[in-house]
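Biologist: I would like a close look at one part of this model, with the surroundings worked in where they help.

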Amino acid sequence: MPRQVEGEPYTRVTSPEAADMLQAGNATVIDVRNPDEYAEGHVQGAQWLPVDDVIARFDELPTEGPLLFICMVGARSGLAAEYAAAMGAAEDRLFNIEDGTPGWIQAGLPVSTGMDA
């Protein structure tokens, strides 16, 4: 069940919850890991934007719909969501997939490899 932790400008979700959001419409997964991690396996259709580039490349993020940030264990993705909030993204659009890419893969959800989405 999506949950908000006091002081965090985003909502925490699990991989299956994120997959439901993707299926429902205009949500975007943003993978904030390093290039080698992304290439090894990522959410199918994910936008790759390393956490260290979120502020500088904020204008590359979609302006509509939920933004679902993902990394390995939820730490970098939480930081990326905080950066997006600091840059002006509405908090109700920001989500952290807290079980990370391993959780997504374990749930049997669609994955791609290489640098393409």
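Biologist: What is the relative accessible area of R57?

Modeller: The model is predicted, and every value below is computed from it. The relative accessible area of R57 is 25%. Buried means under 20% and exposed means over 50%, so R57 counts as partly exposed. The side chain of R57 meets that of D53 in a salt bridge, with N and O 3.4 Å apart. D53 is partly exposed too, because its relative accessibility is 28%. Elsewhere, salt bridges that share partners join R3, E8, R12 and E98 into one network.

The structure holds seven salt bridges. One of them pairs R3 with E98, and the closest N and O atoms there are 3.1 Å apart. This pair links distant parts of the chain, since R3 sits in the segment before β1 and E98 in the loop between β6 and α4, 95 residues apart. R3 has a relative accessibility of 39%, so R3 is partly exposed. E98, at 23%, is partly exposed as well. The bridge between R33 and D31 has another setting: both residues are buried, and their closest N and O atoms are 2.8 Å apart.

The loop that holds E98 follows β6, and that strand deserves a look of its own. From β6, L94 and N96 point one way, while F95 and I97 point the other way; all four are buried. On one side, β1 runs parallel to β6 and is joined to it by three bridges; T11 has F95 as its bridge partner there. β5 is also parallel to β6, again with three bridges, and F69 stands opposite N96. Together with helix α3 (residues 75–86), β5 and β6 make a right-handed β-α-β unit.

N96 belongs to strand β6, which spans residues 94–97. Its relative accessibility is 2%, so N96 counts as buried. A polar atom of the N96 side chain lies 3.0 Å from the backbone oxygen of G74. Beyond its close neighbours in sequence, within four places, N96 is in contact with Y10, T11, R12, V13, F69, G74, S77 and G78. That list takes in R12, a member of the salt-bridge network, and F69, the residue opposite N96.

F69 also appears among the contacts of I30. I30 is in strand β2 (residues 28–31) and is buried, because its relative accessible area is 0%. Leaving aside neighbours within four places in sequence, I30 touches Q47, L49, L61, L67, L68, F69 and I70. I30 and A80 are 50 residues apart in sequence, yet 9.2 Å apart in space from C-alpha to C-alpha.

Helix α1 (residues 15–24) has S15, E17, A18 and A19 as its buried residues. An α-helix has 3.6 residues a turn, so residues three or four places apart point the same way. The buried residues of α1 pack against β1 (11–13), β5 (67–70), β6 and α4 (100–106). Strand β6 thus enters the picture as a partner of β1, as a partner of β5 and as one of the elements packed against by α1.

How values were computed:
Residues numbered from 1 in each chain as written. Predicted model: local features only at pLDDT ≥ 70, side-chain atom pairs only at ≥ 80, totals over all residues. Heavy atoms only, no water. Helix = DSSP H or I, 4+ residues; strand = E, 2+ residues; numbered from the N terminus. Buried < 20%, exposed > 50% of the residue type's maximum accessible area, 1.4 Å probe, protein only. Polar contact = N/O pair within 3.5 Å; in protein donor to acceptor, adjacent residues only side chain to side chain. Contact = heavy atoms within 4.5 Å. Salt bridge = Lys/Arg side-chain N within 4 Å of Asp/Glu carboxyl O. Pairing = 2+ DSSP bridges. Right-handed = clockwise from strand over helix to strand, strands pointing away.
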